[in-house]
Every structure is written in structure tokens, then in C-alpha cells.
Amino acid sequence: MSRPELLDAHRVFYTNAIARKWAETFHTQTGAMWDKLIPAQSTSSTSFAHALSDWGVRLLGMETAAVQPMTGMRIAFTRGAVRQYGAHSSIITRPISVTRATTFTKAQNFAGPDFFFHSRYGPTMGPSLSWYRKNYYLYYMSGASAIYLEQGFDQFFKPGPGEQPFQLNPLGRITDEFIRFAEKHANRGTPYTPIAFLLDPAHGFEMTDYPQWPFEVSQINRSDRALRELFGAAYYPGTVVEGEPASGDRQAFVSGAFGDIFDVIVAGPASASSLSARAPVDAINAYRAVVAGGKHRLDQRLVTETV
């Protein structure tokens with residue numbers, strides 16, 4: 001199957017699967033209700049950000065973790081999608097690196113500390129507290145409408161040894177600090193991203209998916225390699241630090257040479273049965289410069305209207 005065929009097959013499959021799930025929940029036929037859904041993918045968020053918005057999602061999320069390189073690049077896909085389709089963005093953050101997570105509540109430790117050699121969850125495991133703090137401020141200044149913590153209630157504890165008062169744990173203290181900052185600076189402004197990367201609607205690009213194949217099955221081709229080189233240059237030295245010893249901060253938070261000046265948009269609807277009537281040319285004209293990346297199936301009308 002071609003990439004557009006694969007993407008449309010995903011749309012049909014997920015639409016039917018979600019509709020069945022809602023029907024079982026509400027005991028009536030509701031349809032997929034894409035506009036009520038808040039998808040928040042970790043891997044594959046770059047592959048499906050624009051497609052999900054095109055299918056009707058109005059609040060698009062993404063999940064980040066220390067195991068995913070170049071957080072800024074991943075935000076550019078989500079932010080570009082919600083701007084192109086007039087939606088809103090939210091971000092789920094989790095203090096996790098591979099099978100290690102920074103947690104202070106034993107009840108939250110899904111596979112530990114009782115299973116130490118399987119998944120190491122605890123106050124000395126996982127990414128640093130600095131990683132946690134950086135995420136808050138990065139998401140806020142990147143324009144996120146909401147931030148959701150995957151570990152949820154792990155904001156309070158009773159430290160030991162001995163009996164101690166119930167209080168904010170180190171994660172909770174960082175959250176408290178950030179909330180006070182956001183309240184003090186409620187008018188954060190709008191992220192200025194003068195340059196957009198224009199991709200094919202069915203690009204399927206993902207740098208950290210499993211097994212790193214677009215839409216799980218499509219094999220890597222010249223277009224995928226070209227996109228990797230393009231984003232590697234845009235977020236330099238991201239692909240350089242990938243080769244360094246892995247840590248929660250180094251690969252995720254890359255001090256890009258150009259800063260946070262990019263969005264990613266697509267050159268048309270995700271499928272023939274698109275739910276969106278928004279013209280791609282409107283999104284293109286919102287930027288000072290547009291860089292086309294990867295293989296394209298450009299509609300001639302788009303080229304004419306843009307010129």
C-alpha cells in the first residue's frame with residue numbers, strides 16, 4: 001500500500017474501533033466523536049498530528065519523555081497541526097527514561113520498587129528534577145493550552161524516616177513553582193515561528209517509533225531519510241548528541257542553533273474523506289518562509305494559489 005492508502009486505512013480502523021468503544025460505554029451509537037477525543041501519542045505523534053486534526057480532533061495532545069530525542073521538533077509538529085486546523089494543543093509529560101521513572105509514591109510504582117531489576121521507579125531513578133522543571137516552562141512558552149502529568153497524583157508524600165507531615169514532594173514543589181510563575185505571567189504572548197516545513201499529508205515521519213517504520217509497516221525510503229537530514233539540520237546538534245551517552249536531559253533538550261522558530265504543516269487533507277475544509281494555502285501564507293521537505297504530491301491549485 002502507498003502511504004496515503006496506509007493513512008486512510010488507519011483512519012477507517014481507528015474510526016470504527018473508537019465508535020465501538022463509545023457504543024459499549026454509552027450503550028448507544030455515537031460515532032467516533034473525534035471532536036471529543038484528546039489523543040496524546042508519544043511515539044507516532046509526528047506521524048499523526050496533522051491527520052488527527054484533519055479527522056476532527058479539536059484538542060490535540062502529545063506525550064513527551066526523556067527517551068525521545070529533540071522535544072522541540074516534536075512540539076513543532078503538534079503546534080503546526082493545531083495552527084493549521086484551528087485546534088488547541090495539550091501536552092502530557094512523564095518523568096520516565098526507558099524503564100526508569102522518577103517517582104516518590106510507592107503506590108504509583110507500577111513495577112517497582114518491589115521489582116527493582118525489571119523497572120526502576122523511585123526518587124533516585126529516571127530523569128532529573130531539572131528535566132521535569134524544563135518541561136513545564138518549555139511547554140508553557142511553546143503555546144500549550146494544557147499540561148497533564150501522567151504520574152498524576154505523585155505530587156505529595158510523607159517523607160521518612162519517622163513520622164513527617166504530609167507535604168509537597170520534590171516534583172510537587174516544582175509544580176507549585178511553575179503554577180505561581182504562570183499566574184504571575186498569564187499573558188505569555190504567542191510563539192513566533194516564521195518558518196514552516198511543508199510535508200506531504202501522508203509523510204508518516206517518526207524518528208523514535210517502534211520499529212521506526214512510518215505507519216508501523218512502511219519501509220524507510222529516500223523521503224524519510226531526506227526528512228531526517230532536514231530536521232537534523234533544523235535542530236542541530238540534535239542528531240549529534242544522539243550518539244552521546246544517553247541521559248534524561250541531553251538528548252531531549254537540544255539547544256538548537258536556530259531556536260524555536262519552526263512549525264510543521266502539510267500540503268493538503270489527510271484523505272479524500274477529510275473532515276476539514278481549511279485550505280492549506282491559508283496555513284502556508286501565515287509564514288514568512290516555507291521549506292518543502294520529503295516527497296510531495298502537490299495539488300497544482302495549491303502551487304498556483306500560493307504563488
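A polar contact is a pair of N or O atoms within 3.5 Å; within protein, one must be able to donate a hydrogen and the other to accept it, and residues adjacent in sequence count only if both atoms are side-chain atoms. The model is predicted: local features need pLDDT of at least 70, side-chain atom pairs count only at pLDDT 80 or more, and totals for chains, interfaces and linings use all residues. Residues are numbered from 1 along each chain as its sequence is written, and side-chain values use heavy atoms, without hydrogens and water.

**Exercise 1.** Identify the polar contact at the start of α6, and compare the span of this helix with the expected one.

*Solution.*
1. A side-chain oxygen of Asn221 lies within 3.0 Å of the backbone nitrogen of Ser223.
2. Helix α6 covers residues 222-234, 13 in number.
3. The expected span is 1.5 Å times one less than the number of residues.
4. From first to last C-alpha, α6 reaches 18 Å, close to the expected 18 Å.

**Exercise 2.** State which residues of α6 are buried (under 20% relative accessible area, 1.4 Å probe, protein chains only), and which elements they pack against.

*Solution.*
1. The buried residues are Ser223, Asp224, Leu227, Phe231, Gly232 and Ala234.
2. Their packing partners are α1 (3-26), α3 (71-85), β10 (195-199), α7 (238-241) and β11 (262-266).

**Exercise 3.** Determine how α3 and α4 are oriented to each other.

*Solution.*
1. The axes of α3 and α4 (residues 129-142) come within 11 Å and cross at roughly 30 degrees.
2. Angles under 35 degrees count as roughly parallel, and α3 and α4 are therefore roughly parallel to each other.
3. Thr71, Ile75 and Arg79 of α3 make the contact (heavy atoms within 4.5 Å) with Leu138, Tyr139 and Ser142 of α4.

Conventions:
Helix = DSSP H or I, 4+ residues; strand = E, 2+ residues; numbered from the N terminus. Buried < 20%, exposed > 50% of the residue type's maximum accessible area, 1.4 Å probe, protein only. Axes fitted to C-alpha atoms, helices over the stretch in contact; angles between N-to-C directions. Parallel < 35°, antiparallel > 145°, perpendicular 65-115°, else oblique.
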